[in-house]
Amino acid sequence: MLFNSLDFAVFLPIVFVLYWFVTKHNLRLQNALIVAASYVFYGWWDWRFLSLIIFSTFLDFSIGRRLKNEENQKIRKTLLWTSIIINLGFLGVFKYYNFFLDNFIAAFSFFGQDIQPNSLNIILPVGISFYTFQTLSYTIDVYKKKLEPTEDLVAFSAFVCFFPQLVAGPIERATNLLPQFYKKRTFEYDKAVDGMRQILWGLFKKVVIADNCAEYANLIFNNYQDYNGSTLLLGAIFFTFQIYGDFSGYSDIAIGTSRLFGFNLMQNFATPYFSRDIAEFWRRWHISLSTWFRDYLYIPLGGSRGGTWMKVRNTFIIFLVSGFWHGANWTFIVWGGLNALYFLPLLLLKRNRTNLGVVAEGRMLPNLRELWQMGTTFLLTVLAWVFFRAENTTIGLDFLKDIFSHGVLEVPDFSGRYQAAIILILILVLIFWEWRTRKERHGLILLPKQSWLRYTIYYGLLAAIVFYSGSEQEFIYFQF
Amino acid sequence: MKIFIKKTVLLLIPLLLILGTPNYLAFIYGEAFVDFEKVIEGDRFELIGQKFSESNTLWLKTKIINKRKPLIVALGSSRVLQFRRQMFKDEFFNYGYTTTKNSTILPTLKLVSRESKLKYLIVGIDQWNFNKSWDKTSYPNYQSRFPRLKNSLDVVSLFTLVTEILKFEGNHTSSKGKIGLNAIHHGNGFRRDGSRNYGVLIDKLFKGDTTYEDYKFQDTFRRIEDGNRRFQYGNKIDTSQLNYIYDLIDYCESNDIKLIFFLPPFAPTVWKVMTESGNYSYISDLDNHMKTISMKYDIPYFNFSGPGVLNYTDEEMIDGFHGSESVYSKILLHIACENSDFAEIIDTEVIHGALESRESLNIFD
């Protein structure tokens, strides 16, 4: 079920009413309702894949309980690795099997050996990368004794399949989300209103910004050989805002929806395109995944504690794995590698933690230095996104080459460029608005006190969503 | 909580009214929220004519053809849509309006399941597909499963829908088995056998309605005068296009499918203007190439570009380049006389009867 679909518009109020009125604030009933609603939400795509979620739930619940009573370190480790291997095994089969197979075939044929193994004709279960990482965080935290294992199967099931963030995050830590299923939840007016505002803001970013940008990004990327350099650069910029609007919009809707049910999810985006260097960008983009990799991969590998070689190795590992997490394609690995290359100088010069606060703190506008830093970081990000969007690495390289060799200073020339100018204006509105609220959790926190002005903003956004939505595109991150 | 719900509802009421009403109408008229899988599976339609949804024609017809598994199929653009089930002795499906380019004829045919019983294939090849000067990119192939959005129309379409419904002045025909605004209001859409019912358009023609877009072929003549919209000028064909014909012949031979080609008809006066202008000599070049191919591969081929042997009239045309059922009946009668294989499947007796007793351009209604 898509957040921007009629199905969800009917589903959400029904679940909301059942949750607050029918369960009568009974915690177990509320949790059970969340599990049932989440299974309906997920099964709307393909009910068969529910079996994977249910299996993962039982597996990690049982392993958690065994870990609680087990003191033998060897057995504890075996239990942990059982969970990791099985969970990542599912991910490997469904997401990466054909990728590895194709590359083995290519490698063998390079050495003159033709092999023809069977590829799997399978579809990728929606959101498998997200919930797999979420359940893994539980088992790892229990293993490390950072978290008390749960005895409540219903609460644990709700934690694994909580529908607002089930298919595209934020990837919640068990330490943050699971305890919320144990506590009595009461309706809070301010929290619910804030949730509705965040949903509205998320819908605007998804339906108006991302979906409209997608039309032009698709046009330019699909026919890149026909365009001059400036058009290609514009195409890359359209994709840059498409992926931001799409993914941060989804996160906003997920967080806002959770707040309607009394839950607090972690912030996933913090105006990343205002970052002054690439390290800051990665502290502000897909925060739940970056911190997951930091805590469960980078730090266990030694983090930045060792010598230079160790730091370089760990940086590359985390970025390459992060790239590969996004999809079974070399384009994502190149994208990850490129970001590692951007990051490395900062790490080696020990400047990766220079910009920790928000840009232009206490000022209305950035100074020239900050403007330059933001501009260069943004451009580097745009160029990296080209690989993320390209069909394959050859196209990605050609696209980048053509940007700089086919008239990057010419006027962009493509059909519909005047309509596209409207999208650019909307992007400028988004930039202005997000700059204004760059310290806040989402774009609609700082609203005028006068109710008529607030309602004008609400109706303005609703009108844009209804009358200026782009053609329906599936959320990009669903494929991951 | 009550205040929260009250405020949310009040905020959304205007939106619900603006979107809810047209979406409800879209549902009632079958323009959105139609589960075509179920419709086709249960054979629950007489006419499908959605105003906003021609983009899913290929998907729909492919679903139907693979369910029905007909013995005889007509394939091509809108210029084969007048062949009907009654014209044949055996199970027939009109797979027309699914391919508008030579390059997509074979890929479209390959969508027909391997388990199908297809034995006879009638292919109409549009003359302009061989003209080098024709801008093929302007005519998309219909590939999507869903018309626009899966479950609702965009806002502009919704308001067009409401306006159309409000200003409709004709008589509502029974909507039983009809899906889509065009089918319900205008009787216009695809029948169960895949053929096209032009509905009220036929009545307009019959009554000599001057508001009809191609009244007395004025729009077609404009195309000829301007040399655009499929009527670009040309002397020689683009011979590379013939490769698609060779590929199709190979495929049919290896799958034991009896194939027949024909060039679809233009209105007699239109054809006269075209030939006299000398701007369309690529069609005679095409005819020569097709005759050679026909002889070489022993594939029946007919050129029905002009009235010639069929002796049809302007009054039997729907517009400048679409014949009516009466013209296509004559085409089949001619084929039956010339080719013994196809004579076996064409119901000449029924066609003769229908032609004699016809009261409209739709000779079987």
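A residue is called buried when its relative accessible area is under 20%, exposed when it is over 50%, and partly exposed in between. In this predicted model, A:N26 has a relative accessibility of 34% and therefore counts as partly exposed. A:N26 lies in the loop between α1 and α2 (27–46) of chain A. Its side chain reaches the backbone nitrogen of A:L29 at a distance of 3.0 Å. A:N26 and A:F55 are 29 residues apart along the chain, and their C-alpha atoms are separated by 27 Å.

Two further loop residues of chain A were examined for burial and contacts. A:N352 is located in the loop between α13 (330–348) and α14 (368–389) of chain A. With a relative accessibility of 18%, A:N352 counts as buried. When neighbours within four places in sequence are left aside, A:N352 is in contact with A:A279, A:R283, A:F343, A:L346 and A:L347.

A:Y273 belongs to the loop between α9 (229–260) and α10 (278–284) of chain A. The relative accessible area of A:Y273 is 12%, so this residue is buried. Apart from neighbours within four places in sequence, the residues in contact with A:Y273 include A:T240, A:F241, A:I243, A:Y244 and A:F281. A:W285, A:F378, A:T381 and A:W385 are also among the contacts of A:Y273. With A:W385 there is in addition a polar contact of 3.3 Å between the side chains. A:Y273 and A:W285 are twelve residues apart in sequence, and their C-alpha atoms are 8.7 Å apart in space.

Aromatic rings were considered next. A pair of aromatic rings is described by the distance of the centres and the angle of the planes. Over all chains, the count comes to 81 aromatic pairs. In one of them, the rings of A:W20 and A:F187 have centres 5.6 Å apart and planes at 85°, so this pair is edge-to-face. The pair links distant parts of the chain, as its two members are 167 residues apart. A:W20 is in helix α1 (residues 6–22) of chain A, whereas A:F187 is in the loop between α7 (174–177) and α8 (189–222) of chain A. Both A:W20 and A:F187 are buried.

An aromatic pair is also formed by A:F281 and A:W282. Their ring centres are 5.5 Å apart, the angle between the planes is 90°, and the pair is edge-to-face. A:F281 has a relative accessibility of 1% and so counts as buried. A:W282, at 12% relative accessibility, counts as buried too. A:F281 also appears among the contacts of A:Y273 described above.

Arginine side chains were found over aromatic rings in both chains. In chain A, A:R438 lies over the face of A:W435, at 3.8 Å from the ring centre. In chain B, B:R79 lies over the face of B:F266, at 4.7 Å from the ring centre.

The contact between the two chains was then described. It takes 18 residues from chain A and 18 residues from chain B. About 1,500 Å² of area is buried between chain A and chain B, and carbon and sulfur atoms give 82% of this area. On the side of chain A, the residues that lose the most area to chain B are A:Y189, A:Y459 and A:V466, which together make up 30% of what that side buries. Zero salt bridges are found across the interface of chain A and chain B, and two residue pairs are in polar contact between these chains. The elements that give two or more residues to the side of chain A touching chain B are α1, α8 and α17 (451–467) of chain A. The largest share of that side, six residues, comes from α17(A).

Finally, backbone angles were considered in chain B. Most residues other than glycine have a negative phi. B:D43 is not a glycine, yet its phi is positive, at about 50°. B:D43 is found in the loop between α2 (36–41) and β1 (47–48) of chain B, and with a relative accessible area of 26% it is partly exposed. B:N311, also not a glycine, has a positive phi of about 60°. The place of B:N311 is in the loop between β9 (301–303) and β10 (317–319) of chain B. At 60% relative accessibility, B:N311 counts as exposed.

How values were computed: Residues numbered from 1 in each chain as written. Chains lettered and ligands numbered in written order. Predicted model: local features only at pLDDT ≥ 70, side-chain atom pairs only at ≥ 80, totals over all residues. Heavy atoms only, no water. Phe/Tyr/Trp six-rings, centres within 6.5 Å; stacked < 30°, edge-to-face > 60°. Helix = DSSP H or I, 4+ residues; strand = E, 2+ residues; numbered from the N terminus. Buried < 20%, exposed > 50% of the residue type's maximum accessible area, 1.4 Å probe, protein only. Lys NZ or Arg CZ within 6 Å of the ring centre and 35° of its normal. Contact = heavy atoms within 4.5 Å. Buried area = accessible area lost by both parts, 1.4 Å probe. Salt bridge = Lys/Arg side-chain N within 4 Å of Asp/Glu carboxyl O. Polar contact = N/O pair within 3.5 Å; in protein donor to acceptor, adjacent residues only side chain to side chain.
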